[in-house]
Structures are given as structure tokens and as C-alpha cells.
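Let's take a walk through this model together, starting from the inside and working outwards. Have the sequence and the 3D view open side by side as you read.

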Amino acid sequence: MSIEIWHGDITELDVDAIVNAANETLLGGGGVDGAIHRAAGPGLLAECCQLPELRPGVRCPTGEVRATGGHALPARHVFHTVGPVWRDGRHDEAALLANCYWQSLRLAERMELQSIAFPAISCGVYGYPLHQAADIAVTETLTWRKSHTRPLRIILVAYNAAAFKIYQQALNRSGQIDSSGGSSALMQGLAAAT
Ligand code: ADP
């Protein structure tokens with residue numbers, strides 16, 4: 001199993017699932033959500049509107065995830081997850097953000113997917129400090145990897161060079177980058193992303 005950092009636009013990735021940083025309505029928005037809906041085409045919104053969990057007035061709770069097809073995207077599925085809005089770090093933001101990663105990985109495993117890509121959930125309009133969010137993304141994915149075999153590829157997508165560097169630093173802090181066996185996948189991931 002490998003964990004990679006990739007610099008670019010998540011909508012271009014040919015993977016089993018890309019994760020969308022959605023809002024509670026799952027009816028589209030700005031940022032990565034808007035980019036995913038534009039690239040997927042109108043079928044994605046139509047499917048979101050039909051989700052049985054989203055009866056009128058019912059919203060997707062923060063930290064949870066819902067799956068749809070990828071429509072016109074290269075990705076086969078879109079996992080819509082709702083990240084926390086950053087307030088001051090004392091309103092359960094870290095646990096809620098960790099849950100977005102964990103629930104998405106659980107769903108990928110249940111659906112027997114091989115690859116999944118995450119944007120920096122909550123780090124745009126929702127204001128989560130990227131350094132802290134990157135630590136959570138790395139910790140959750142590495143913890144998952146210790147006890148699960150699927151999905152084989154986990155990709156953390158950095159939308160710009162600054163974000164890429166922050167993810168690299170988070171991986172460094174996790175102590176997982178060295179020359180010993182278990183970490184070689186991380187090294188490959190970093191190499192692939194440069
Ligand atoms: P949130 O509302 O959860 O904060 P945003 O969409 O505003 O979500 O931002 C989440 C992150 O996604 C930000 O770090 C932003 O730079 C990044 N992002 C925006 N567009 C894309 C894209 N096309 N591919 C990958 N990441 C993106």
C-alpha cells in the first residue's frame with residue numbers, strides 16, 4: 001500500500017474514487033466542490049439530488065461521507081464528505097476532520113476500491129490551517145495503512161506548490177520517511193509527485 005502526495009488538480013486523476021470537500025447540502029459549491037461538479041457534468045448534481053439519505057431538509061452531517069458515481073470524471077466514484085468549519089480549534093475540528101478521512105477510507109475498503117485521492121478537506125473556504133490539516137491527513141492515512149490492505153493507493157492532493165511542501169513536511173514529521181523497507185512507498189510517492 002502506498003501513500004503519495006500529488007501536486008495538481010484532483011479532477012484529472014484516474015483513480016477509483018476522488019473525495020469532494022462538500023458542504024452539508026451536497027448540492028455543489030465553490031472551490032474543489034465546484035471544480036468536481038464542473039468536470040463531472042450535470043449528472044453528478046442530479047445523482048446528489050437523488051441520494052436517499054438526502055430527503056428534503058436532511059443534510060449530510062460533518063465528518064460523514066456519501067458516494068456517487070464519477071460521471072464525466074476519469075475517477076469512477078466521488079466521495080462527498082463534509083469537513084468542519086474552522087473556528088478556533090476547540091470545537092472538535094480535529095476529530096471531525098479525522099473522521100472525514102477515516103470514513104472515506106472505510107467506504108473505499110467496503111467498496112473494494114484500489115485507489116483514492118483526497119483534497120485538503122476544509123482548508124479553503126472552511127479555513128482549517130493547512131499545517132494542522134496536513135498532519136491529520138497524514139496521521140489518519142498512516143494509521144489506516146497499519147491495519148488495512150485496501151485501498152492500495154492513497155493520494156493526498158496538493159493544489160499548489162506551497163501545499164505540496166506542507167504535506168512533505170507533515171510526512172517528515174510523521175517519521176515515516178527514511179530508507180528502511182516500510183517507508184519506501186512513501187518515498188516513491190514523493191518522487192512521483194515532484
Ligand atoms: P472547504 O470548503 O472544505 O474548505 P475548498 O474547496 O474551499 O473546501 O478547499 C479545499 C482545498 O481544496 C483547498 O486547499 C483548495 O486549495 C483545494 N482545491 C481547490 N480546487 C482544487 C482542485 N481542483 N484540485 C485539488 N484541490 C483543490
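A contact here means heavy atoms within 4.5 Å. Keep in mind that this is a predicted model. With that cut-off, take Ile 116 as a starting point: leaving aside residues up to four places away in sequence, Ile 116 touches Ala 17, Val 19, Phe 79, Ser 104, Leu 105, Ala 108, Pro 151, Arg 153, Ile 154 and Ile 155.

Ile 116 also belongs to a wider group. The largest nonpolar core has 34 residues, and Ile 116 is listed with Phe 79, Tyr 101, Phe 118 and Tyr 167 as having the most contacts inside this core. Several elements contribute at least two residues each: the strands E1 (2-7), E2 (17-22), E5 (115-118) and E6 (153-158), together with the helices H3 (93-110), H4 (130-147) and H5 (161-173). Apart from this core lies another, of 14 residues, including Ile 10, Ile 18, Cys 48 and Leu 73. In soluble globular proteins, nonpolar side chains tend to be buried together.

One of the contacts of Ile 116 deserves a closer look. Is Ser 104 buried or exposed? Ser 104, which lies in helix H3, has a relative accessible area of 0%, so this residue counts as buried. Beyond residues up to four places away in sequence, Ser 104 touches Val 19, Val 65, Phe 79, Thr 81, Asn 99, Ile 116 and Phe 118.

Now step back to the whole chain. There are six helices and six strands, and along the sequence they follow the pattern β-β-α-α-β-β-α-β-α-β-α-α. Of the 194 residues, 46% are buried. Among contacts with a separation of 6 or more, 69% are between residues 24 or more positions apart. The accessible surface of the chain comes to about 8900 Å², and carbon and sulfur atoms account for 52% of that area.

Finally, turn to the pockets. The largest one has a volume of about 600 Å³. Which of the 27 lining residues are the closest to its centre? They are Ala 21, Gly 31, Val 32, Ala 120 and Gly 124. Strands E2 and E6 and helices H1 (31-40) and H5 each give two or more residues to the lining, and H1 gives the most, with four. Sorted by class, the lining of the largest pocket has 16 nonpolar, nine polar and two charged residues. Strands E2 and E6 and helix H5 thus appear both in this lining and among the suppliers of the largest core.

Note on methods
Residues are numbered from 1 along each chain as its sequence is written. This is a predicted model: local features need pLDDT of at least 70, side-chain atom pairs count only at pLDDT 80 or more; totals for chains, interfaces and linings use all residues. Side-chain values use heavy atoms; hydrogens and water are left out. A nonpolar core is a set of buried Ala, Val, Leu, Ile, Met, Phe, Trp, Tyr and Cys residues joined through side-chain atoms within 4.5 Å. Buried means under 20% relative accessible area, exposed over 50%, partly exposed in between (1.4 Å probe, protein chains only). Accessible areas come from the Shrake-Rupley method with a 1.4 Å probe; for residues, only the protein chains shown count as cover. On a 1 Å grid over the protein atoms alone, a cavity is a set of points where a 1.4 Å probe fits but cannot get out, and a pocket is an open set with protein on both sides within 12 Å along at least five of seven lines; lining residues have an atom within 4 Å of a point. Grid points are joined across faces, edges and corners, and a volume is the space filled by probe spheres set on the points. Ala, Val, Leu, Ile, Met, Phe, Trp, Tyr, Cys and Pro count as nonpolar, Asp, Glu, Lys and Arg as charged, and the others, Gly among them, as polar.
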